[in-house]
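Work through the exercises below with the sequence and the model at hand. Each task is followed by a solution in steps.

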Amino acid sequence: MKTLKSLAYVVALPLLLVLLWWASTRGEPNFFVPTPSALVDVFGPTWFEGRITGDVLPSVGRLLAGLAIAIILGIVVGLLVGLNRTLRALTEPVFEFFRALPPPVLVPVLILLVGLNDGMKVAVIVVGCIWPVLLNTIEGVRSIDPVQNETTRSYGISGLNRIRYQVLPSAAPTIMAGIRQSLSIGLILMVISEMFGSSSGLGFTILQFQRSFAIPEMWSGILVLGLIGLALSLIFQWCERRVLRWYHGLKEVENAA
């Protein structure tokens, strides 16, 4: 019963939105907004006849590569900066400056530095996604309970053991929040990077559909992006529950008390 109730909560709003979409397109046809049936008709032929391997999978691969690099760099640099008060004070203005720069404006610069290739597309994703992870890691390390720090010193826990057993677990909830933010940013930048000097990818394909007035096909590409975002969110939630199992258990105990 609980499972059915949870499933109903998940499905109810999408079904309602589809019904509203169907009802709003029942009257006079709109060239720019296809009906749900028209979208379903073009979805399969558009994406399952070569574009999965030619456009979707390469885009997802670049997205995952950019996210992985951004997450690793963000956590490593965030730990180094967060654990050193002097380094944190020196780097904070620089980090805030670069964080405020919209990543799309750096695309022309990255094209000049890296070239029109997959490396540029991955670099765009890294440049945009690293900041939520980096700044959240710094904040998570900075806000560790001082009592924990004193306790680890008293027990002689230092170096990598301290990072592994005290710093990372304590900062993990904040780090995971930064990673969650980076997922949506990465998906947006994946599309933007493929609209500049590209000949394949989801962003390029959707732009080509728009320019050729293939409106149902364009909407089907947007649907593919939404499904990729949903898949990333579900995978992240599963990983987060495993990584922060202790944290959620602690919250449940506190709420029960």
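**Exercise 1. The annotated domain**

How far apart do the end C-alpha atoms of residues 56-236 lie, and what percentage of the span is helix and what percentage strand?

Solution. The model used here is predicted. Start with the record: UniProt, in an unreviewed entry, lists residues 56-236 as "domain: ABC transmembrane type-1". Next, take the two ends of that span, whose C-alpha atoms are 20 Å apart. Last, read the secondary structure: 84% of the span is helix and 0% is strand.

**Exercise 2. Two transmembrane spans**

Find the residues that UniProt annotates as "transmembrane region", then describe residues 63-83 and residues 185-207.

Solution. The unreviewed UniProt entry gives this annotation to residues 63-83, 95-116, 122-138, 185-207 and 219-239. For residues 63-83, the end C-alpha atoms are separated by 30 Å, with 95% of the span in helix and 0% in strand. For residues 185-207, the separation of the end C-alpha atoms is 19 Å, and the span is 65% helix and 0% strand.

**Exercise 3. G82**

Is G82 buried or exposed? Place this residue in its element and list its contacts.

Solution. First, locate G82: helix α3 covers residues 51-82 and contains it. Second, compare its relative accessible area of 7% with the cut-off of under 20% for buried. G82 is therefore buried. Third, leave out residues up to four places away in sequence; G82 then touches R88, I138 and V141. Finally, check the distance to T137: the two residues are 55 apart in sequence, yet their C-alpha atoms are 7.3 Å apart in space.

**Exercise 4. K121**

Which residues does K121 touch, not counting residues up to four places away in sequence? State its element and its burial as well.

Solution. K121 belongs to helix α6, which runs over residues 118-142. Its relative accessibility is 7%, so K121 counts as buried. With residues up to four places away set aside, the contacts of K121 are R62, S193, E194, S198 and S200.

**Exercise 5. The largest pocket**

What is the volume of the largest pocket, and how many residues line it?

Solution. The volume of the largest pocket is about 530 Å³. Its lining holds 15 residues, and P14, L17, V18, W21 and L223 lie nearest the centre. Elements giving two or more residues to this lining are α1 (2-24), α2 (36-47) and α10 (215-243). Sorted by class, the lining has 15 nonpolar residues, no polar residues and no charged residues.

How values were computed:
Residues numbered from 1 in each chain as written. Predicted model: local features only at pLDDT ≥ 70, side-chain atom pairs only at ≥ 80, totals over all residues. Heavy atoms only, no water. Helix = DSSP H or I, 4+ residues; strand = E, 2+ residues; numbered from the N terminus. Buried < 20%, exposed > 50% of the residue type's maximum accessible area, 1.4 Å probe, protein only. Contact = heavy atoms within 4.5 Å. 1 Å grid on protein atoms, 1.4 Å probe; cavity = no way out; pocket = protein on both sides within 12 Å on 5 of 7 lines; lining within 4 Å. Points joined across faces, edges and corners; volume = space filled by probe spheres on them. Nonpolar A, V, L, I, M, F, W, Y, C, P; charged D, E, K, R; others polar. UniProt positions renumbered as here; feature names shortened; annotations may be inferred.
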